[in-house]
Each structure stands twice: as structure tokens, then as C-alpha cells.
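Here are some friendly notes to read alongside the structure. Take the points in order, and keep the 3D view open as you go.

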Amino acid sequence: MPSLYERLRNDDYTGERRCWPCTAVNAAILLAACAGVARRRSRSLAAAAGLGGAAVIALRGYLVPYTPRFAPRLASRLPGEFFDHGDTAPTSPPGAPESSASLGDADDDDDEGEAGEEVLAALLDAGVVLADEQRVSLDDDFRAAWRDEMRDLRNRDDEALAAALRAAAPTGQEVDVVTPSGWLRQDDTRWFVVSDGSHDPANENWLSRPVALSEAAAVRTLADDTDLSEGRRAQAAGPLRTFLERCPACDGAVEETTEVDCCGGPGGASADAPDEVLACGDCGARLYTFE
Ligand SMILES: [Zn+2]
């Protein structure tokens, strides 16, 4: 029989998974609320409220509803390393997806499974991807050329990257840079939205900056080194991300991770958070989500 404590406790946000910035934000809000009660009402009421609130934070991880959604953004704006979420929070503006889409998503006429096989076959034919009985790997020369392109694009500003992505996207696709506004804005958050210009959200694909860097660079390298068609190049950009060993954004080492933090790390806090992602060990950029 689990104890009452065990039954009340939310393992997602406590113990090893406790997110200290979220806890600190909650404790600060609780203290401020108690101070208000002490001033206007009574000290004993404030003490009781404080005790109750602290118990909830201890058991559930946080007191204020939706903390995992707002606290990373709030904490990231406060000074001090303690509050540093490592810029890993996938802070999406309203309407933005949990994880990045791909250039290849724009072309959804094909049956996905079939298209995936055709793309892999084309990459094998072109010598970009190599296969033996043991494993599938990326050609070393292609990897080096791709990394050079990523280095080159990394130093460009958003508009210039959007232009490169526009050139990499299939004909007829537009690319807009979207940054969330207001106090929730985090400095490094922007999305590259690939669309057919119809302003129909169903036809929009939102790419994070690291993914945009990776895919624009991959398409450029494919255009230089292979005779794959424009459509195939865009379709290949997403699957090629599974071969990333260096982060497009900072050149840090890419790791396979199953880490799901309260709110900051790859995987996020949503109920359907993916278990396995490729993410940068240095900057936390999420680079591929295995489904
Ligand atoms: Zn990185």
C-alpha cells in the first residue's frame, strides 16, 4: 500500500525531477501572497496559508497552476545563475508547435512511409548515406561539407537565414520569421515559418532556428554534391537531421537523450512528451524527435 505521501506526490515534478527555478518562482509568489495576507488580514492566517502552500510545493512540485508553462520564461528573465534554464526551454509562441517541423513537410502529397523509403533510396544512390549489414551512416565528405554550410549560415542574421531557407524550400513556398512578443518573449526564440502563402495554419510548418540552419545547409550541400531533384532535397532535409553529430547552432556535441525535465529540458513538460530526442549537449537545442 503506498503511503498518503506517496499517493499525493507528483513524481513528474518532485524528487530528482524537481525543477528548482520553478520551485523558487513558486516560493517567491507564495511569500508575496502571504505577506499580503499578513498585512491586510492576520499573521496567523498568513502563516497557515504559507504552511499549506509550502506543503503543496513540496508534494506536487509547484503551487501556481501552469507553472511549467510560464516559469521558465519568467525565470530566464531574472538575474543569477540559479535561475538559468540553460536556454533549453522550447518557448513557443501561441500557435507554435511543441517541436520543430521540417522543410519536407511542405510536400504532403506523398504517402509518408513510401516517401521515406524513396528518400532513403535516393540518398543511398547518391552516396550521401552508406549502408552495410550493421548500420546506416553518413558519408564523411558529405558530413564535412554540410558542417561547413552550417557554420556559414550560423553567422547570418534571421532575415538572411530566412532567405537561405526560402531558396532551399520547394518552389512556391514562402518563409517568414516569427518572434513572439510581449513579456513572455525570450531573446533567442524565433521560428521560421514555411508556408504556401495561403495563411492557412494547416499549410504552415514551423522550424526552430537550429533546425532551419540544419535543413537549409543540408539542401545546399545536396544541391552541390548530388543531382537529387528540388523536391527530394527538401524531403531529405528532415531525415538527414538524424545523422547530426554537431549542433547546427553552436557546434556542440549532439546527444541522444531521454531526459524530460520539469520544464526546461528536451522533451518538455507536456503529457505526450517524446521519450527520445537528439539534442545539443551544450545549448540544449532539440534537433530531432524520434516518433
Ligand atoms: Zn548547440
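Before we look at partners within a sheet, one definition helps: two strands pair if DSSP finds at least two bridges between them. Please also keep in mind that this is a predicted model.

1. **The overall picture.** The protein has nine helices and eight strands. Of its 291 residues, 43% are buried. Now look at the contacts between residues at least 6 apart in sequence: 61% of these join residues at least 24 apart.

2. **A three-stranded sheet.** A good place to begin is the open sheet whose three strands come in the order β3-β4-β5, with antiparallel pairing. The edges belong to β3 (174-178) and β5 (205-208); each has a single partner strand, so one side of each has no neighbour in the sheet. From one strand to the next, the twist averages 30°. As a reminder from general knowledge, strands of a sheet pair through backbone hydrogen bonds, either parallel or antiparallel.

3. **Inside that sheet.** How many bridges join β4 to β5? There are four, between strand β4 (residues 191-195) and its antiparallel neighbour β5. To find one of the pairs yourself, start at V194: its bridge partner in β5 is N205.

4. **Helices on the sheet.** Two helices are worth finding here. Helix α7 lies across β3, β4 and β5, and runs at about 155° to β3. Helix α8 also packs on the sheet, where it touches β4 and β5, and its direction makes about 95° with that of β5.

5. **The loop between β4 and β5.** N203 sits in this loop. Is N203 buried or partly exposed? Its relative accessibility is 30%, so N203 counts as partly exposed. Leaving aside residues up to four places away in sequence, N203 touches V194, S195, D196 and S198. You may recognise V194 as the residue that bridges to N205. Try finding D105 as well: N203 and D105 are 98 residues apart in sequence, yet their C-alpha atoms are 9.2 Å apart in space.

6. **How α7 meets α8.** The axes of α7 (residues 158-168) and α8 (residues 209-225) come within 9 Å of each other and cross at roughly 45°. That angle makes α7 oblique to α8. The crossing is left-handed. On the α7 side you will find D158, L161, A164, L165 and A168, which meet R209, A212, L213, A216, V219 and R220 of α8. Sorted by type, the residues of this contact are eight nonpolar, no polar and three charged.

7. **How α6 meets α8.** Helix α8 has another helix to meet. The axes of α6 (residues 140-154) and α8 come within 8 Å and cross at roughly 130°, which makes α6 oblique to α8. This crossing is right-handed. Among the α6 residues in the contact are F142, W146 and M150, while the α8 residues include L213, A217 and L222. Here the contact residues divide into 10 nonpolar, two polar and seven charged. If you are colouring the structure, R209, L213, A216 and R220 of α8 are good ones to mark, since they appear in the contact with α7 and also in the contact with α6.

8. **A strand covered on both faces.** Move along to strand β7 (residues 277-280). V277 and A279 point to one side, L278 and C280 to the other, and all four are buried, leaving both faces covered. Strand β6 (residues 254-257) runs antiparallel to β7 and is joined to it by four bridges. Within that pairing, T257 has V277 as its bridge partner.

9. **The hairpin.** β7 is also joined to strand β8 (residues 286-289), by three bridges, and the two run antiparallel. L278 stands opposite Y288 of β8. Together β7 and β8 form a hairpin with five residues between them. Which residue in the turn has a positive phi? That is G284, with a value of about 80°.

10. **A glycine to look up.** Finally, find G50 in helix α3 (residues 43-60). The relative accessible area of G50 is 16%, so this glycine is buried; the cut-off for buried is under 20%. G50 and A27 are 23 residues apart in sequence and 9.3 Å apart in space, C-alpha to C-alpha.

Methods
Residues are numbered from 1 along each chain as its sequence is written. This is a predicted model: local features need pLDDT of at least 70, side-chain atom pairs count only at pLDDT 80 or more; totals for chains, interfaces and linings use all residues. Side-chain values use heavy atoms; hydrogens and water are left out. Axes are lines fitted to C-alpha atoms, for helices over the stretch in contact, and angles run from 0 to 180 degrees between N-to-C directions. Angles under 35 degrees count as roughly parallel, over 145 as roughly antiparallel, 65 to 115 as roughly perpendicular and the rest as oblique. A crossing is left-handed if the near helix is turned anticlockwise from the far one by less than a right angle, and right-handed if clockwise. Contact means heavy atoms within 4.5 Å. Ala, Val, Leu, Ile, Met, Phe, Trp, Tyr, Cys and Pro count as nonpolar, Asp, Glu, Lys and Arg as charged, and the others, Gly among them, as polar. Buried means under 20% relative accessible area, exposed over 50%, partly exposed in between (1.4 Å probe, protein chains only).
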